[in-house]
Amino acid sequence: MFGLKSKKIIIPSPLNGDVIDISKLSDPVFSDDILGKGIAILPKSGRIISPADALITMMFDTGHAVSLETETGVELLIHVGIDTVKLKGAHYTICKNTDDKVKAGDVLMTFDAEAIAAEGYETVTPVVVCNPDKFKSVSFVQEGPIKEGEPLITLKI
C-alpha cells in the first residue's frame with residue numbers, strides 16, 4: 001500500500017480564453033454550484049472543442065450548450081454565455097449532435113462572441129462537472145489565460 005498515488009483525471013479546456021472563478025458569475029445556477037462544481041472561461045475564440053473522448057448526452061438545439069459524458073465517467077456541461085438560450089440559436093452553429101461519440105479536439109459548436117455581446121449577453125462560458133460526488137476531489141486551474149487543450153479540471157478518483 002505504500003507509495004500508491006491517487007489516480008487523477010485531467011479535463012482540458014474546451015476553448016481559448018481567460019479562466020475566472022465561477023462564483024463571480026451573475027447567474028446563481030452556476031455561481032452557487034447548483035448544477036455541479038465548475039469553472040468559467042471568458043472566450044477568446046469562437047469555438048468549443050470536446051475536451052475528451054466522450055458521448056454527447058445532449059446538444060441543445062439552440063447550440064448554446066452541450067452535455068458530455070467522458071469515457072472516464074465525468075459528466076460535463078459546457079454552456080456558452082449567460083441566458084443565451086434566449087437567443088434561440090442565433091449566432092451559434094452546431095457541429096455535432098446528441099448521441100454522437102466524439103474524440104478530444106473535435107469541434108462541438110462555433111459561436112460569434114461579438115454578435116452575442118452586441119445583443120446584450122455575457123459570453124462567459126461555464127464548464128461544470130455535473131457529477132462531482134463521484135470523485136474524491138475536483139479542482140481547477142488558477143485564474144488567468146488558458147488555451148484549448150491545456151489542463152483545466154483535475155479530478156481524483
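Leaving aside neighbours within four places in sequence, which residues is isoleucine 56 in contact with? In this predicted model, the contacts of isoleucine 56 are Val66, Ser67, Leu68, Lys96, Asn97, Thr98, Asp99, Asp100, Val102 and Leu108. The points below take up this residue, then serine 50, the cysteines, a nonpolar surface patch and tyrosine 121.

**Isoleucine 56**
- Isoleucine 56 belongs to strand S5, which covers residues 54-59.
- The residue is buried, because its relative accessible area is 0%, and the cut-off for that class is under 20%.
- Isoleucine 20 precedes or follows at a separation of 36 residues in sequence, and the two C-alpha atoms are 25 Å apart in space.

**Serine 50**
- Serine 50 is located in the loop that joins strand S4 (47-49) to S5.
- With a relative accessible area of 1%, serine 50 is buried.
- A polar atom of the serine 50 side chain lies 2.5 Å from the backbone oxygen of alanine 52.
- Beyond residues up to four places away in sequence, serine 50 touches Leu68, Val102, Lys103, Ala104, Gly105, Asp106 and Leu108.
- Leu68, Val102 and Leu108 appear among the contacts of serine 50 and also among those of isoleucine 56.

**Cysteines and disulfides**
- The number of disulfides in the structure is 0.
- A disulfide would be a covalent bond linking the sulfur atoms of two cysteines.
- Cysteine 95 is partly exposed, since its relative accessible area of 36% falls between the limits of 20% and 50%.
- Cysteine 130 is likewise partly exposed, its relative accessible area being 32%.

**Nonpolar surface patch**
- Val29, Ile34 and Leu35 make a nonpolar patch of about 240 Å² on the surface.
- Within this patch, valine 29 is placed in helix H1, residues 28-31.
- Valine 29 is partly exposed, with a relative accessible area of 32%; this value meets the patch requirement of over 30%.

**Tyrosine 121**
- Tyrosine 121 is found in the loop between helix H2 (113-118) and strand S11 (125-129).
- Although tyrosine 121 and threonine 84 are 37 residues apart along the chain, 6.6 Å separates their C-alpha atoms.
- Threonine 84 is also one of the residues that tyrosine 121 touches.
- The other residues touched by tyrosine 121, not counting those up to four places away in sequence, are Ile82, Asp83, Lys86, Leu87 and Ile116.

Methods: Residues numbered from 1 in each chain as written. Predicted model: local features only at pLDDT ≥ 70, side-chain atom pairs only at ≥ 80, totals over all residues. Heavy atoms only, no water. Helix = DSSP H or I, 4+ residues; strand = E, 2+ residues; numbered from the N terminus. Buried < 20%, exposed > 50% of the residue type's maximum accessible area, 1.4 Å probe, protein only. Contact = heavy atoms within 4.5 Å. Disulfide = S-S within 2.5 Å. Polar contact = N/O pair within 3.5 Å; in protein donor to acceptor, adjacent residues only side chain to side chain. Patch = residues over 30% accessible without salt bridge, like charges linked within 9 Å, V, L, I, M, F, W, Y side chains within 5 Å. Areas by Shrake-Rupley, 256 points an atom, 1.4 Å probe, with all protein chains shown as cover. Salt bridge = Lys/Arg side-chain N within 4 Å of Asp/Glu carboxyl O.
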